[in-house]
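Dear colleague,

Please find the structure below, handed over for your records. My findings follow it.

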Amino acid sequence: MLNHDQKYPLPTDLSLTIENLAQAVFIVNRHAKTATNPKYLYKLKQEALKKLITEGKARKVGLHFSEHPRNSQQQSDVLVECGRYTFHIPPTKSDFHDLPHLGKLDGSVRNPKATLSLNMAKALLQSYTGLSEFGNPPSNHQNKQRAYQKPIFKKLGERYS
């Protein structure tokens, strides 16, 4: 199986085990933090974790205060445990009722090292979730363009309204 940016096929010994999937999510998450366009990588991470949770291969542990809240003083993230790895995902409304709040993030807890390349991690998660980086190609370019509208010229001092 080749990706658009791969020169070699994925190794066949890379199976969809919990440990391999958790390692792939870790690699994708680590690269997303420094990527120029991280949107797809974060979506891939979130969809993979969502699917792992629904299949019972990962579990939501609790809520942590976010280290970098956006527009508020405090923001919480859901701590998800998958194999030997832990991740944070955005919470849903039900998470605030169902999960315990664990307080501040413990900086001493670290995920184990991973030895997977980004291309292999992306390919593994894409085959697991069914997501593709380019999504659906645009159908017809002419439909996306706005219809031509003649310019309106008014005399000096008249209003456009």
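The model is a predicted one, and I begin with its sheet. Three strands make up an open sheet, arranged in the order β1-β2-β3 with antiparallel pairing. The edges are occupied by β1 (59–65) and β3 (85–89); each of these has a single partner strand, so one side of each is left without a neighbour in the sheet. From one strand to the next, the twist averages 30°. As general background, the strands of a sheet pair through backbone hydrogen bonds, in either a parallel or an antiparallel manner.

Strand β2 (residues 76–82) pairs with β3 in the antiparallel sense, over five bridges. Within this pairing, Glu81 has Thr86 in β3 as its bridge partner.

Two helices pack on the sheet. Helix α1 touches β2 and β3, and its direction makes about 50° with that of β3. Helix α2 touches β1, β2 and β3, with a direction that makes about 115° with that of β3.

The helices also meet one another. The axes of α1 (residues 18–32) and α2 (residues 39–54) come within 9 Å and cross at roughly 155°. An angle over 145° counts as roughly antiparallel, and α1 is therefore roughly antiparallel to α2. The crossing in which α1 passes α2 is left-handed.

Which residues form the contact between α1 and α2? On the α1 side they are Leu21, Val25, Val28, Asn29, His31 and Ala32. On the α2 side they are Leu41, Tyr42, Leu44, Lys45, Ala48, Leu49 and Leu52. By character, the residues of this contact divide into ten nonpolar, two polar and one charged.

One residue of α1 may be of particular interest to you, namely Glu19, which lies in that helix. Is Glu19 buried or exposed? With a relative accessible area of 26%, Glu19 is partly exposed, because that class covers values between the limits of 20% and 50%. Leaving aside residues up to four places away in sequence, Glu19 touches Gly83, Arg84 and Tyr85. Glu19 and Arg84 are 65 residues apart along the chain, and their C-alpha atoms are separated by 7.5 Å.

In summary, the model holds an antiparallel sheet of three strands, with α1 and α2 packed on it.

Yours sincerely

Conventions
Residues numbered from 1 in each chain as written. Predicted model: local features only at pLDDT ≥ 70, side-chain atom pairs only at ≥ 80, totals over all residues. Heavy atoms only, no water. Axes fitted to C-alpha atoms, helices over the stretch in contact; angles between N-to-C directions. Helix = DSSP H or I, 4+ residues; strand = E, 2+ residues; numbered from the N terminus. Parallel < 35°, antiparallel > 145°, perpendicular 65-115°, else oblique. Left-handed = near helix turned anticlockwise from the far one by under 90°. Contact = heavy atoms within 4.5 Å. Nonpolar A, V, L, I, M, F, W, Y, C, P; charged D, E, K, R; others polar. Pairing = 2+ DSSP bridges. Buried < 20%, exposed > 50% of the residue type's maximum accessible area, 1.4 Å probe, protein only.
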